[in-house]
Amino acid sequence: MALTILKGTIVSAPSLGRLDSMEDGFLVAEDGRITGVYLVLPERFSGAPVTDCGGDLIVPSFADLHLHAPQYPMLGMGMDLPLLEWLEAYAFPTEARFADLDYARTVYRRLAAELIRHGTTRVCMFSSLHTDATLVLMEELERAGVTGYVGKVNMDRNSAPGLLEETTEQSKRETLRWLDACGDFRRVHPMLTPRFTPSCTNGLLAFLGKLAKERGLPVQSHLSENSAEMDWVRQLHPDCAQYWQTYAKYGLWNDRTVMAHCVWSDERERAAMRDAGVTVVHCANSNQNICSGVAPVRVMLDEGLQVALGSDIAGGDQLDMFDVVASSIRASKARRMMDGWQTAFLTVAEAWFLGTSAGAAFFGAKPGFAPGNPLHAMVIRDSGLPQPHPLTAAQRLERAVYRRQSDAVRAVWSEGRQVFSAEQP
Ligand SMILES: [Zn+2]
């Protein structure tokens, strides 16, 4: 049996708003699954090798539930347009480059390595419409140790003619070819990915809904991100009173559905998400960068919706989920100021829960370091920061969110395997 025992200051979020911590604790995983967190190592493990992390923090690794892999080359650029113009001017031309498989290999290898170095081990990720580049992306994620879901994007209308486009028949055929080729992956799995309603004909949405049902596939897309987008959806689907219904009517709306943004989802749309068990992905950086708005995350949580976090690169400017956690807190404070100080902002413990436990829940994990979970963890060092007086584990975690030393992430485990060590060259 493979045994992993990590010793250090163990911190996790077992529920929204709560942080559990244990100094000089032991986190034990057997055959890649967590069996317990102990202050005193049980007798049966005596003599077993222990990875002593000293005073470093041992925390669950991140789940990034919304990001666009082929927008990685434009990360940190092109933030001067709202969504629909931004797609045409920046996103579509950048994604078009992924017809070139050598380019895809170079970019995706680097992206996968950067995700792991920043402690992101679970993703729901958009590829481009290119089948072969999507397979390259899945290979590179699996090689690096990133787990989760990837989608070949479907977009058979309103795309970029001559640059980035597919017909309905091509989109269907390529989706089937892609799914046939996904069988060899062990830790990265396919997720159906209609780009967003304006990008897909009704026939394509119906095809994807049928496929989701027949093959039990999860679905990801965008919802109510920007007011111009929502007006467009209303024009395209006059029979649907609300945006979410354009997905629901084609069978793309259930508890295996992930919807990014939901900035402008009103009470009725939020109820539809809660009742169906749809996971909302809050993308605070992107919402601000391309002037989409400030999502009412506190209200969503109070209403019982499942909310996780997404970097949404490259509308988002940071791949690092520490920054995404911090920006989610800032966005919630902006929302509080906009709401006449009526709604509470997210605490660090709450935002940390959303970035780790809430995202992991989509993959079937229980919150925090619960026994039975596959080991997804990272070690964070802060000994390079000023330590004028002793800090609690919660204070140290807060400081890691807002201010990290450059080499803070020392080691990462994903699905039971160590996939990164800063100690090795
Ligand atoms: Zn997106």
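Trainee: How many residues does helix H3 have?

Mentor: In this predicted model, helix H3 covers residues 131-144. From its first C-alpha to its last the helix reaches 20 Å, close to the 20 Å expected at 1.5 Å a residue. The number of residues in H3 is 14.

Trainee: Is H3 mostly covered or uncovered, and how many of its residues are buried?

Mentor: A residue counts as buried if 20 or more other C-beta atoms lie within 10 Å of its own. Among the residues of H3 that meet this criterion are Thr131, Leu135, Met138 and Ala144. The cover over the buried residues includes helix H2 (101-117), strand S7 (147-151) and helix H4 (168-181). H3 is therefore mostly covered, its buried residues numbering 10 of 14.

Trainee: Which residue follows H3, and what is its phi?

Mentor: The residue that follows H3 is Gly145. Its phi is positive, near 105 degrees.

Trainee: Which strands stand at the edges of the open sheet of four strands?

Mentor: The strand order in this sheet is S5-S6-S7-S9, and the pairing is parallel. A strand at an edge has a single partner strand, so one of its sides is left without a neighbour in the sheet. The edge strands are S5 (62-68) and S9.

Trainee: Which residue in S9 stands opposite Val150?

Mentor: S7 and S9 run parallel and are joined by three bridges. Opposite Val150, in S9, stands Pro190.

Trainee: Which helix packs on the sheet, touching S5 and strand S6?

Mentor: The helix in question spans residues 348-361, and its direction makes about 80 degrees with that of S5. The strand S6 that it touches comprises residues 120-126. This helix is H12.

Terms used:
Residues numbered from 1 in each chain as written. Predicted model: local features only at pLDDT ≥ 70, side-chain atom pairs only at ≥ 80, totals over all residues. Helix = DSSP H or I, 4+ residues; strand = E, 2+ residues; numbered from the N terminus. Expected span 1.5 Å × (residues − 1). Buried ≥ 20, exposed ≤ 12 C-beta atoms within 10 Å, placed from the backbone. Contact = placed C-beta atoms within 7 Å. Pairing = 2+ DSSP bridges. Axes fitted to C-alpha atoms, helices over the stretch in contact; angles between N-to-C directions.
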